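This report covers selected local and tertiary features of one protein chain. The sequence and the coordinates come first, and the text follows from there.

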Amino acid sequence: MNSTTNKRHVISILMENEAGALSRVAGLFSARGYNIESLTVAPTEDASLSRMTLVTRGNDDIIEQILKQLNKLIDVVKVHDISEFDHIEREMMFIKISASNNEDCASIKRMSDIFKARIIDVKNKTFTIEISGDRSKLDAFVSAVSDYNIIEIVRSGCIGISRGSCALKAEEA
């Protein structure tokens, strides 16, 4: 691959579940002027560890530098650029849409069904809809309902996992 190509990368980080760990990762990006497009963090099956999924863009040299710097952080146990492997990505979105009339209500319900989204709240012709999938599916849903009054959108950011037996785990002692 051309090292000048700016490509999207999904980086999975296994790190100690301790105060300040997230701050150190964010600080690394900030200090070097790298952008974080998406960031999610949650505990793993091991309560002492958290898994961070971070999305950024860069050429091969920048991503290699990011991975090396992440590996140097004291809280980091393991780092993988899962974009380099066959993987699954998902994102979740809540979108709040208001309908002006009953016809719009029916149309919003149909659109939710088509995209396999769930209406999780309805109040005064305002629908709160939950949808999950890859980024392009969520973007397509927003585009499909853009003729209605979109009140608010909240997106979780990307989570990802490698397919098959490849796993991001701490080394067994």
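Which residue with a positive phi follows helix 3? In this predicted model, helix 3 is followed by lysine 116, with a phi near 55°.

**Two residues with positive phi**

Most residues other than glycine have a negative phi. Lysine 116 departs from this, with a positive phi near 55°. The residue sits in the loop that connects helix 3 (102-114) to strand 6 (118-123). Its relative accessible area is 71%, so lysine 116 is exposed. Asparagine 124 is another residue other than glycine with a positive phi, here near 50°. The loop between strand 6 and strand 7 (126-133) holds asparagine 124. The residue is classed as exposed because its relative accessibility is 70%.

**Helix 3**

The 13 residues of helix 3 span 19 Å from the first C-alpha to the last, close to the 18 Å expected at 1.5 Å a residue. At the start of the helix, a side-chain oxygen of asparagine 101 comes to within 3.1 Å of the backbone nitrogen of glutamate 103.

Buried positions in helix 3 are Asp104, Cys105, Ser107, Ile108, Met111 and Ser112. These residues lie on the same side of helix 3 because they cover an arc of only 165° around the axis. An α-helix has 3.6 residues a turn, so residues three or four places apart point the same way. The buried residues pack against strand 5, strand 6, strand 7 and helix 4 (135-144). On the face turned away from the buried side, helix 3 carries the exposed residues Asn102, Glu103, Asp113 and Ile114.

**Pairings of strand 5**

Strand 5, one of the elements that the buried residues of helix 3 pack against, also pairs with other strands. Strands of a sheet pair through backbone hydrogen bonds, either parallel or antiparallel. The table lists pairings of strand 5.

| Partner of strand 5 | Sense | Bridges | Facing residues |
|---|---|---|---|
| Strand 7 | antiparallel | eight bridges | Isoleucine 97 and phenylalanine 127 |
| Strand 8 (149-155) | antiparallel | six bridges | Isoleucine 95 and isoleucine 153 |
| Strand 9 (159-162) | antiparallel | four bridges | Histidine 87 and serine 162 |

Strand 5 itself runs over residues 87-98.

**The four-stranded sheet**

An open sheet is made of four strands in the order 2-3-1-4, paired in the antiparallel sense. Its edges are strand 2 (38-43) and strand 4 (76-81), each of which pairs on one side only. On average, neighbouring strands of this sheet are turned by 15° against each other, direction ignored. Helix 2 (residues 60-72) packs on the sheet and touches strand 1, strand 3 and strand 4. The direction of helix 2 makes about 165° with that of strand 4.

Strand 2 and strand 3 run antiparallel and are joined by six bridges. Serine 50 in strand 3 is the bridge partner of proline 43.

**Serine 50 and histidine 9**

Is serine 50, a residue of strand 3 (49-58), buried or exposed? Serine 50 counts as buried because its relative accessibility is 5%, and the cut-off for buried is under 20%. The side chain of serine 50 makes a polar contact of 3.2 Å with the side chain of asparagine 17. Apart from its neighbours within four places in sequence, serine 50 has contacts that include Leu14, Glu16, Asn17, Val41, Pro43 and Thr44.

Histidine 9 belongs to strand 1 (residues 7-16). With a relative accessible area of 1%, histidine 9 is therefore buried. Which side chain does histidine 9 meet in a polar contact of 2.6 Å? The partner is the side chain of aspartate 81. Beyond its neighbours within four places in sequence, the residues in contact with histidine 9 include Leu54, Val55, Thr56, Gly58, Ile63, Asp81 and Ser83.

How far apart in space are histidine 9 and isoleucine 108, C-alpha to C-alpha? The two are 34 Å apart in space and 99 residues apart in sequence. Isoleucine 108 is one of the buried residues of helix 3, while histidine 9 is in strand 1.

Note on methods
Residues are numbered from 1 along each chain as its sequence is written. This is a predicted model: local features need pLDDT of at least 70, side-chain atom pairs count only at pLDDT 80 or more; totals for chains, interfaces and linings use all residues. Side-chain values use heavy atoms; hydrogens and water are left out. Buried means under 20% relative accessible area, exposed over 50%, partly exposed in between (1.4 Å probe, protein chains only). Two strands pair if DSSP finds at least two bridges between them. A polar contact is a pair of N or O atoms within 3.5 Å; within protein, one must be able to donate a hydrogen and the other to accept it, and residues adjacent in sequence count only if both atoms are side-chain atoms. Contact means heavy atoms within 4.5 Å. The expected span of a helix is 1.5 Å times one less than its number of residues. The arc is that of the directions from the helix axis to the C-beta atoms. Axes are lines fitted to C-alpha atoms, for helices over the stretch in contact, and angles run from 0 to 180 degrees between N-to-C directions.
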